[in-house]
Amino acid sequence: MIDKKLIRYSRHILLPDIEYEGQLNLINSHILLVGAGGLGSAASIYLAASGIGKITICDFDNVDLSNLQRQILHTDKFIGINKAVSAKSALEEINPEVKIFGIEKRLDIEEMKKIAREVDVIMDCSDNFLTRYSLNQIAYDLKKPLVSGAAIGFDGQVSVFDFREQASPCYQCLFPDSGEDEELRCSDHGVFSPIVGIIGCTQAAEAMKLILKVGKSLMGRLLVLESKDMNWKTLKVPKDPNCIVCSNK
Ligand SMILES: [Zn+2]
């Protein structure tokens, strides 16, 4: 690591759980982040600043004025421009040392899988169930860790499905897909701005802990925040023995 990098990341390197080695792991890692909205904004800013070497960020949507209240990556001058393009520009400003790959098109499962195969961690920062179930299946098939976050109203939640471990439950175990075409999108509802920041940052922390192999992840647990009363709860997420995705049936 050259001197400039040592200085940039010195407050990580000073941490006994990270040190030089750990920072090198972050620099050599690749994270796939799906969704450059509110969750993705907060998560990607910390990932980029922390020196995650490669970040692939996917979003086919364009920046809208109504996004700017909470999607802090995007600014007025990017209204009407694709969010992955806006995200790449903002993240490169934050840390020119990291490689940002912006994917502007809507990917099908096979295309997403091809990208996911190359990464260390998959982050679901999306706002719809179709993407959530697809990413769950892809991460399970590839045996990659999936860090899942969601926020709506004043509430948010985070969990980790670490498919490198046999014991890990999956998103389908937690929220069985009824097969109904529910399009409950965050973007169609009210969202208290800081909640997406809190949840997105928590996702970034979990993703980086997985890369650093530090502490205990949220695998098997759902962290729930009700911000009106500022109540944090941790619920157990058991593996469903009859799950259609992860039960091997
Ligand atoms: Zn499952």
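**Entry 1: the β5–β6 hairpin**

I began with strand β5, residues 145–152, and found that β5 and β6 pair in the antiparallel sense over 8 bridges. I am working on a predicted model. I picked out one residue at the start of this pairing: Pro-145 stands opposite Asp-162 in β6. Then I went to the turn. The hairpin of β5 and β6 has 2 residues between the strands. Gly-153 takes a positive phi near 60 degrees there.

**Entry 2: strand β6**

Next I asked how many residues of strand β6 are buried. I found 7 of the 8 residues, in the stretch 155–162, so β6 is largely enclosed by the rest of the structure. I looked for another partner of β6. Strand β7, residues 221–226, is joined to β6 by 5 bridges, and the two run antiparallel. I noted one pair: Ser-159 has Leu-222 in β7 as its bridge partner.

**Entry 3: the whole sheet**

I wanted to see where these strands sit. They belong to an open sheet of 8 strands with mixed pairing. I wrote down the order as β3-β2-β1-β4-β5-β6-β7-β8. Which strands are at the edges? They are β3 (99–103) and β8 (231–236), and each pairs on one side only. I also looked up the twist. Neighbouring strands of this sheet are turned by 15 degrees against each other on average, direction ignored.

The pairing is mixed, and I looked up a parallel case too. Strand β1 (residues 30–34) and strand β4 (residues 121–124) pair in the parallel sense over 4 bridges. Leu-32 has Ile-122 as its bridge partner in β4. I added a general reminder for myself: in a regular strand the side chains alternate between the two faces of the sheet.

**Entry 4: the nonpolar core**

I turned to the inside. The largest nonpolar core has 59 residues. I listed those with the most contacts inside this core: Ile-31, Leu-33, Ile-55, Val-121, Ile-122, Met-123 and Ala-207. Which helix gives the most to this core? Helix α9, residues 193–212, does, with 8 residues.

I followed Ile-55 further. Leaving aside neighbours within four places in sequence, I found Ile-55 in contact with Ile-31, Leu-33, Ser-44, Leu-47, Ala-48, Leu-91, Val-98 and Ile-100.

**Entry 5: helix α9**

I looked at α9 on its own. The helix has 20 residues. From first C-alpha to last, α9 reaches 29 Å, close to the 28 Å expected at 1.5 Å a residue. I checked which residues of α9 are buried. They are Ile-195, Val-196, Ile-199, Gly-200, Thr-202, Gln-203, Ala-204, Glu-206, Ala-207, Met-208, Leu-210 and Ile-211. I saw that Ala-207 is also among the residues with the most contacts in the core.

**Entry 6: two positive phi values**

I first recalled the general rule: most residues other than glycine have a negative phi. Lys-213 has a phi near 55 degrees, a positive value in a residue other than glycine. Lys-213 comes just after α9, in the loop between α9 and β7. Is Lys-213 buried or exposed? I counted Lys-213 as exposed, because there are 10 C-beta neighbours inside 10 Å and the cut-off for exposed is 12 or fewer.

Met-230 is another case. The phi of Met-230 is near 50 degrees, again positive and not in a glycine. I found Met-230 in the loop between β7 and β8. Met-230 is exposed, with 8 other C-beta atoms within 10 Å.

**Entry 7: Gln-172**

I looked up Gln-172, which lies in helix α8, residues 171–174. Gln-172 is buried, because 20 other C-beta atoms lie within 10 Å, and the cut-off for buried is 20 or more. What does Gln-172 touch? Not counting residues up to four places away in sequence, I found Tyr-133, Asn-136, Asp-177, Cys-243, Ile-244, Val-245 and Cys-246. I also looked at a distance along this part of the chain. Gln-172 and Asp-188 are 16 residues apart, and their C-alpha atoms are separated by 23 Å.

**Entry 8: the chain as a whole**

Last, I stepped back. The protein chain has 9 helices and 8 strands. Its C-alpha atoms fill a box of roughly 55 × 40 × 40 Å along the principal axes. For 249 residues, a compact globule would have a radius of gyration near 18 Å, and the chain agrees with 17 Å. I noted that 43% of the 249 residues count as buried. Among contacts with a separation of 6 or more, 68% come from residues 24 or more positions apart.

Technical notes: Residues numbered from 1 in each chain as written. Predicted model: local features only at pLDDT ≥ 70, side-chain atom pairs only at ≥ 80, totals over all residues. Rg over C-alpha atoms; globule rule 2.2 N^0.38 Å. Contact = placed C-beta atoms within 7 Å. Core = buried A, V, L, I, M, F, W, Y, C linked by C-beta atoms within 7 Å. Expected span 1.5 Å × (residues − 1). Pairing = 2+ DSSP bridges. Axes fitted to C-alpha atoms, helices over the stretch in contact; angles between N-to-C directions.
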